[in-house]
Amino acid sequence: MKECKICIIGFGAVGQGVAQAISLKKDIIKDKYNTNLKVVAVADSSSSVVSQKGLDEELLVETKELNGNLKDYPEHSGKLTGMEILETVDYDCLIEATPTNIKNGEPARSLTLKAFDDGKDVVTSNKGHLALNFKELMDAADKNNVDFKFEATVGGAMPIINFVEETLSSCEIESIIGILNGTTNYILSRMTSEGSSYINTLNESQELGIAETDPTQDVEGIDAACKTVILANAILGIDATYSDVEVEGISKITSEAINLAKKEGYLIKLIGEVSQDALKVSPRLVKQGSAYDLNGTLNMATVKTDLAGDVTVVGKGAGSLETASAMITDLINIIKNK
C-alpha cells in the first residue's frame with residue numbers, strides 16, 4: 001500500500017472542502033489506487049496543526065467552524081506558518097488553497113516554489129500566482145520533475161484544463177469563450193429575471209454569501225481575467241500575464257440596458273475570450289437560448305477546435321466541495337502518474 005502525505009495550506013472554504021472530500025473519498029481511493037491519503041499538516045492564517053501520524057479531517061473542519069481557527073484541535077495545534085510547515089514536515093503533496101492575491105501572488109508563489117525545490121507535487125486553487133508568474137512556476141515544476149495541477153483555478157467543478165488536455169488531445173484549440181465567474185452570472189441573471197438594479201442585486205448576493213463583502217475581484221472582472229490568463233498559458237501556449245488582458249466588469253450595467261437587450265432576444269453576460277488575437281473580459285450580448293443562457297452561479301466555456309468543432313462544458317464555478325472535487329481529481333491524477 002502506497003501512502004500520500006498531504007499538507008493543506010489555506011483552510012478557508014476551499015481548504016475545508018478539500019478536507020471533507022478526502023474524508024469522503026479516501027477509502028475509495030485506497031481501494032481503487034492502492035494509496036492511503038494522510039493529512040499530516042494544516043495551516044490557516046493564524047494557526048496550524050501537525051501530526052505525522054495523520055489528522056482527522058472531519059475534526060479539523062469542526063474545529064475551524066467552531067472557533068474560526070485550528071487552535072483548539074486536540075494535542076497538535078500550534079502557530080507554524082505555511083512556510084515553516086513546508087520546511088519541517090515530511091509530506092508528498094502540497095494542497096495550496098490560500099486566498100488569491102493579484103498584486104504579487106503571495107504567499108502562494110513562495111509556497112509553491114518551495115515545494116517544487118523540495119521535490120514535492122502541488123495542487124492549487126489559487127489564481128494569483130498563476131496569472132502573474134505562470135511561466136516561472138511551470139519552469140520550476142519541470143526543473144524539479146514534479147507535478148503541478150491547477151484545474152480548480154479556472155472553473156471550480158467545471159472541467160476545462162484536464163478535459164482539453166486529455167479528451168481533446170487530438171485537437172488544435174483555436175479559442176475558448178465562456179462565462180468564467182459565477183458571482184457575476186448570478187447578479188446578471190437576477191437583474192434579468194427580476195428587473196432589479198445592479199446595487200440591489202449585489203446587496204442580495206452578498207446577503208446570500210454568493211458575493212464577497214468586497215466584491216471587487218468578481219464584479220470588476222479581475223477573477224475572470226485571471227482565469228483567462230491561465231487558460232491562455234495552459235491551453236493555447238500564450239505567454240501572457242494579467243496585465244495583457246483587456247478587462248471591463250459589470251458595475252456599470254443598468255437594468256435598463258438589460259431590459260432593452262431582453263426585448264431584442266439577447267442577454268448580457270460577462271464573457272472571457274481566449275484566442276491568439278484576443279485576451280479579453282467584458283460584458284457582451286448573447287442570444288437567449290444559446291449555450292451562454294445560463295442562470296445562477298454556473299460557469300461555462302465553449303472550446304473551438306479544428307477536428308471536434310465547438311465543444312461546450314458547464315459546471316458549478318464556486319462552492320467548497322465543488323472546487324475541492326477538482327483538486328481531488330488533480331490529486332488522483334498525480335497518484336496515477338507515480
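Start with the helices around the largest pocket of this predicted model: select helix 1 (13–33), helix 3 (82–88), helix 6 (152–155), helix 8, helix 10 (216–219), helix 11 (222–234) and helix 13 (320–337), each of which supplies at least two residues of the lining. Now colour helix 6 on its own: four residues of the lining come from helix 6, the largest share.

Next, turn to the space itself. The largest pocket holds about 1200 Å³. To find the middle, show Val 14, Pro 99, Thr 100, Lys 127 and Glu 212 as sticks; of the 47 residues that line the largest pocket, these are the closest to its centre. Then colour the lining by class, and you should count 25 polar, 14 nonpolar and eight charged residues.

From the pocket, follow helix 8 to another partner. Select residues 182–194 for helix 8 and residues 255–263 for helix 12. How do the axes of these two helices cross? They come within 9 Å and cross at roughly 70°, so helix 8 and helix 12 are roughly perpendicular to each other. Rotate the view to look through the crossing of helix 8 and helix 12, which is right-handed.

Finish by zooming in on the side chains here. On the helix 8 side, pick Leu 188, Met 191 and Thr 192; they meet Ser 255, Ile 258 and Lys 262 in helix 12. Coloured by class, the residues of this contact of helix 8 with helix 12 come out as three nonpolar, two polar and one charged. Before you leave, show the pocket lining again together with this contact: helix 8 belongs to both views, as one of the helices that supply at least two lining residues and as the partner of helix 12.

How values were computed: Residues are numbered from 1 along each chain as its sequence is written. This is a predicted model: local features need pLDDT of at least 70, side-chain atom pairs count only at pLDDT 80 or more; totals for chains, interfaces and linings use all residues. Side-chain values use heavy atoms; hydrogens and water are left out. Axes are lines fitted to C-alpha atoms, for helices over the stretch in contact, and angles run from 0 to 180 degrees between N-to-C directions. Angles under 35 degrees count as roughly parallel, over 145 as roughly antiparallel, 65 to 115 as roughly perpendicular and the rest as oblique. A crossing is left-handed if the near helix is turned anticlockwise from the far one by less than a right angle, and right-handed if clockwise. Contact means heavy atoms within 4.5 Å. Ala, Val, Leu, Ile, Met, Phe, Trp, Tyr, Cys and Pro count as nonpolar, Asp, Glu, Lys and Arg as charged, and the others, Gly among them, as polar. On a 1 Å grid over the protein atoms alone, a cavity is a set of points where a 1.4 Å probe fits but cannot get out, and a pocket is an open set with protein on both sides within 12 Å along at least five of seven lines; lining residues have an atom within 4 Å of a point. Grid points are joined across faces, edges and corners, and a volume is the space filled by probe spheres set on the points.
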